[in-house]
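User: Got a minute to go through a structure with me? I'd like to ask about whatever catches my eye.

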Amino acid sequence: ILFLQNNEIRSILGMASVLEAVMYNSQNLIWLDLSYNYLENIEEELLNFRHLKTLYLHGNYFSNIEQVRQLNAYDDLQSLTLYGNPIE
C-alpha cells in the first residue's frame with residue numbers, strides 16, 4: 001500500500017524505478033492513493049503496477065475520458081475513484 005495523496009505531484013514518470021529502489025516487491029503494489037495532486041495525464045508508467053486492486057485518483061486534473069479508459073488494462077482492479085476531476 002502506498003499513500004501519496006496531497007503531495008502536489010504533477011507526473012508519475014520515474015515512479016516505478018524509485019519504488020523499486022525503496023520497496024520490496026514494488027511491482028506487487030495492490031493499493032495506490034494518488035488523490036488530490038496535480039495529475040493531468042494517466043501515464044503509461046501507472047500501468048506497470050499490474051496487481052493494483054485499489055486506485056484512488058480523485059481530486060486531480062484528468063480531463064480526457066480516452067486516457068481514463070486505459071485503466072481497463074487492470075485485470076484485478078476492484079476500487080477506482082475519479083470524482084473531482086474535470087473529465088469530459
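User: Let's start with charges. Which residue forms a salt bridge with R69, and how far apart are the closest N and O atoms?
Analyst: That's E66, and the closest N and O atoms of E66 and R69 are 2.4 Å apart. Keep in mind that this is a predicted model, and every value I quote is computed from it.

User: Noted. How many salt bridges does a search of the whole structure find?
Analyst: One, and that is the E66 and R69 contact.

User: Is R69 buried, partly exposed or exposed?
Analyst: R69 is partly exposed, because its relative accessible area is 46% and the exposed class starts over 50%.

User: What about arginines and rings: where does the charged end of R10 sit?
Analyst: Over the ring of Y38, at 4.5 Å from the ring's centre.

User: OK, switching to the fold. In what order do the strands of the sheet run?
Analyst: The order is β1-β2-β3-β4, four strands in an open sheet with parallel pairing. At the edges are β1, residues 2–3, and β4, residues 79–81, and each of those pairs on one side only.

User: How many bridges hold β3 and β4 together?
Analyst: Three, in the parallel sense, with β3 covering residues 54–56. In that pairing, Y56 stands opposite T81 of β4.

User: Y56 is a tyrosine, so let's talk aromatics. How many aromatic pairs are there?
Analyst: The count comes to three. In one of them, W31 and Y56 have ring centres 5.6 Å apart and planes at 75°, so this pair is edge-to-face. The cut-off behind that label is an angle over 60 degrees.

User: Which strands do W31 and Y56 come from?
Analyst: W31 is in β2, which spans residues 31–33, and Y56 is in β3. The two are 25 residues apart, so to speak of their positions in the chain, the pair links distant parts of it.

User: Which residues make up the aromatic cluster with W31 and Y56?
Analyst: F3 joins them: F3, W31 and Y56 form one cluster.

User: And W31 itself, buried or partly exposed?
Analyst: Partly exposed, because its relative accessibility is 26% and buried would mean under 20%.

User: F3 makes me think about the surface. Which residues form a nonpolar patch there?
Analyst: I1, F3 and I30, with about 300 Å² of accessible area together. So F3 turns up in this patch as well as in the aromatic cluster.

User: Where is I30 found?
Analyst: In the loop between α1 and β2. With 38% relative accessibility, I30 counts as partly exposed.

User: How far is I30 from K53 in space?
Analyst: Their C-alpha atoms are separated by 5.1 Å, although I30 and K53 are 23 residues apart along the chain.

User: New topic: backbone. What's the phi of N6?
Analyst: Near 60°, which is positive, and N6 is not a glycine. E8 also has a positive phi, about 55°, and isn't a glycine either.

User: Where is N6 placed, and where is E8?
Analyst: N6 is in the loop between β1 and α1, with α1 covering residues 15–22. E8 is placed in the loop between β1 and α1 too.

User: Are N6 and E8 buried or exposed?
Analyst: N6 is exposed at 54% relative accessible area, and E8 is exposed at 55%.

User: What else is in the loop between β1 and α1?
Analyst: S11, for one. S11 is partly exposed at 34% relative accessibility. Its C-alpha is separated by 8.0 Å from that of E40, with their positions 29 residues apart along the chain.

User: Last one: how far apart are E8 and D75?
Analyst: They are 29 Å apart, C-alpha to C-alpha, and 67 residues apart in sequence. D75 is in the loop between α2, residues 65–68, and β4. At 66% relative accessibility, D75 counts as exposed.

Key:
Residues are numbered from 1 along each chain as its sequence is written. This is a predicted model: local features need pLDDT of at least 70, side-chain atom pairs count only at pLDDT 80 or more; totals for chains, interfaces and linings use all residues. Side-chain values use heavy atoms; hydrogens and water are left out. Two strands pair if DSSP finds at least two bridges between them. Rings of Phe, Tyr and Trp (its six-membered ring) pair if their centres lie within 6.5 Å; planes under 30 degrees apart count as stacked, over 60 as edge-to-face and the rest as tilted. Buried means under 20% relative accessible area, exposed over 50%, partly exposed in between (1.4 Å probe, protein chains only). A charge sits over a ring if NZ of Lys or CZ of Arg is within 6 Å of the ring centre and within 35 degrees of the ring normal. A salt bridge is a side-chain nitrogen of Lys or Arg within 4 Å of a carboxyl oxygen of Asp or Glu. Patches are made of residues with over 30% relative accessible area and no salt bridge: like charges are joined within 9 Å, nonpolar side chains (Val, Leu, Ile, Met, Phe, Trp, Tyr) within 5 Å. Accessible areas come from the Shrake-Rupley method with a 1.4 Å probe; for residues, only the protein chains shown count as cover.
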